[in-house]
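Got your viewer open? Load the model, set it to cartoon, and we'll walk through it one selection at a time.

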Amino acid sequence: MPLWGTASGPPPPLAEGGGPEGSGGSSSGAAAIRSLLPTRRRLRLDPPSKLYFPYEPGKQVRSAIRIKNVSKSHVAFKFQTTAPKSCFMRPPGGILAPGETIIATVFKFVEHPENNEKPLDQKCKVKFKIVSLKVKGPVEYVPELFDEQKDQVAVEQILRVVFLDAERPSAQLDRLKRQLAEAEAALEARKKPPEDTSPRIVGEGLVIDEWKERRERYLARQQIEGVDSV
């Protein structure tokens, strides 16, 4: 059974007590039972069960996944991976309002193939997991939310890694490129400061705006016409 962790720290233990068979008490047993029951999805993922990466050995490559909150409540989500030292996610987690969508970018370093395996035939042991948690209203996201309410955390999906031939055109590769471009555009938009549409105020009560400039031009025109009429 793999150990799941985030990119910002070491993988957490599998259960209370230090392991899958530790003395976690009744809360761990209840959580295990709930994990076996079918739950209604809070998030819709695209792609739904796989992360596609271009196959470029020795390089850090990117994948993208669209995450939409399809529930009627605010939902916190978090990425986890079995390889937190070689993979990271942007953003690693967040809060989505009902109906809100975000495109997350996943970064992974691609190892060179072993034992003379064909490049695209090698099996990637790294997996990713997205977990969700219902929250009350638009709260600030902190990873500790999931530790405080462990019994309410749901596993949305375990994502398998699939490599794509970076030099062979395909519909899936084109789709990945479009999603990555959307993710970059959204990131740049978030970096820009909000546009200030309010009037600029200089000094005390002095407003500089288009109306003041128009008035100055009007007065200047009146002075010129007055000199011409003399």
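Start with colouring by pLDDT, which is the predictor's confidence in each residue, from 0 to 100. You're looking at a predicted model, and its protein chain averages a pLDDT of 79, with 68% of the residues at 70 or more. Now select residues 8-24, where the pLDDT is below 50. In the model, this stretch has 21 contacts beyond near neighbours in sequence.

**The whole chain**

Zoom back out and colour by secondary structure: the protein chain has four helices and 11 strands. Of its 230 residues, 31% count as buried. If you like contact maps, take the contacts with a separation of 6 or more: 70% of them are between residues 24 or more positions apart. Switch on the surface too, and you have about 15,600 Å² of accessible area, 53% of it on carbon and sulfur atoms.

**Helix α3**

Next, select residues 171-191, which form helix α3. These 21 residues reach 31 Å from the first C-alpha to the last, close to the 30 Å expected at 1.5 Å a residue. Show side chains for Leu173, Leu176, Gln179, Leu180, Ala183 and Leu187, which are buried. Why do they sit on the same side of α3? Because they cover an arc of only 125 degrees around the axis. The background is helix geometry: an α-helix has 3.6 residues a turn, so residues three or four places apart point the same way.

Spin the view to the face turned away from the buried side, and you'll find the exposed residues Ala171, Lys177 and Arg178. Then spin back and add the strands that the buried residues of α3 pack against: β1 (43-46), β2 (50-55), β3 (60-69), β5 (87-90), β7 (101-109) and β9 (154-165).

**The cores**

Time for the nonpolar interior. Select Leu43, Phe53, Ile65, Ile67, Phe79, Phe128 and Ile130; within the largest nonpolar core, which has 26 residues, these touch the most other members. At least two residues of this core come from each of β1, β2, β3, β4 (74-81), β5, β7, β8 (127-135) and β9. Another core, of nine residues, lies apart from it, and its members include Tyr52, Ala64, Ile103 and Leu173. You've already met Leu173 as one of the buried residues of α3.

**Two cis prolines**

Where is Pro47? Go to the loop between β1 and β2. The peptide bond joining Asp46 and Pro47 is cis, with omega at about 5 degrees. For another cis bond, jump to Arg90 and Pro91, where omega is near -5 degrees. Pro91 belongs to the loop between β5 and β6 (93-96).

**Arg42 and Gln149**

Now pick Arg42, in the loop between α1 (25-36) and β1. Is Arg42 buried or exposed? With a relative accessibility of 18%, Arg42 counts as buried, since the cut-off is under 20%. Leave out neighbours within four places in sequence and list its contacts: Arg42 touches Lys68, Asn69, Val70, Ser71, Val75, Ser132, Leu133, Lys134, Gln152, Ala154 and Glu156. Try a distance label as well: the C-alpha atoms of Arg42 and Ser73 are 8.8 Å apart, although 31 residues separate them in sequence.

Last stop: Gln149, in the loop between α2 (144-148) and β9. Its relative accessibility is 29%, so Gln149 counts as partly exposed. Not counting residues up to four places away in sequence, Gln149 is in contact with Leu133 and Lys134, both of which are also on the contact list of Arg42. Measure from Gln149 to Leu133, C-alpha to C-alpha, and you should get 8.2 Å for a pair 16 residues apart along the chain.

Notes:
Residues are numbered from 1 along each chain as its sequence is written. This is a predicted model: local features need pLDDT of at least 70, side-chain atom pairs count only at pLDDT 80 or more; totals for chains, interfaces and linings use all residues. Side-chain values use heavy atoms; hydrogens and water are left out. Buried means under 20% relative accessible area, exposed over 50%, partly exposed in between (1.4 Å probe, protein chains only). Contact means heavy atoms within 4.5 Å. Accessible areas come from the Shrake-Rupley method with a 1.4 Å probe; for residues, only the protein chains shown count as cover. The expected span of a helix is 1.5 Å times one less than its number of residues. The arc is that of the directions from the helix axis to the C-beta atoms. A nonpolar core is a set of buried Ala, Val, Leu, Ile, Met, Phe, Trp, Tyr and Cys residues joined through side-chain atoms within 4.5 Å.
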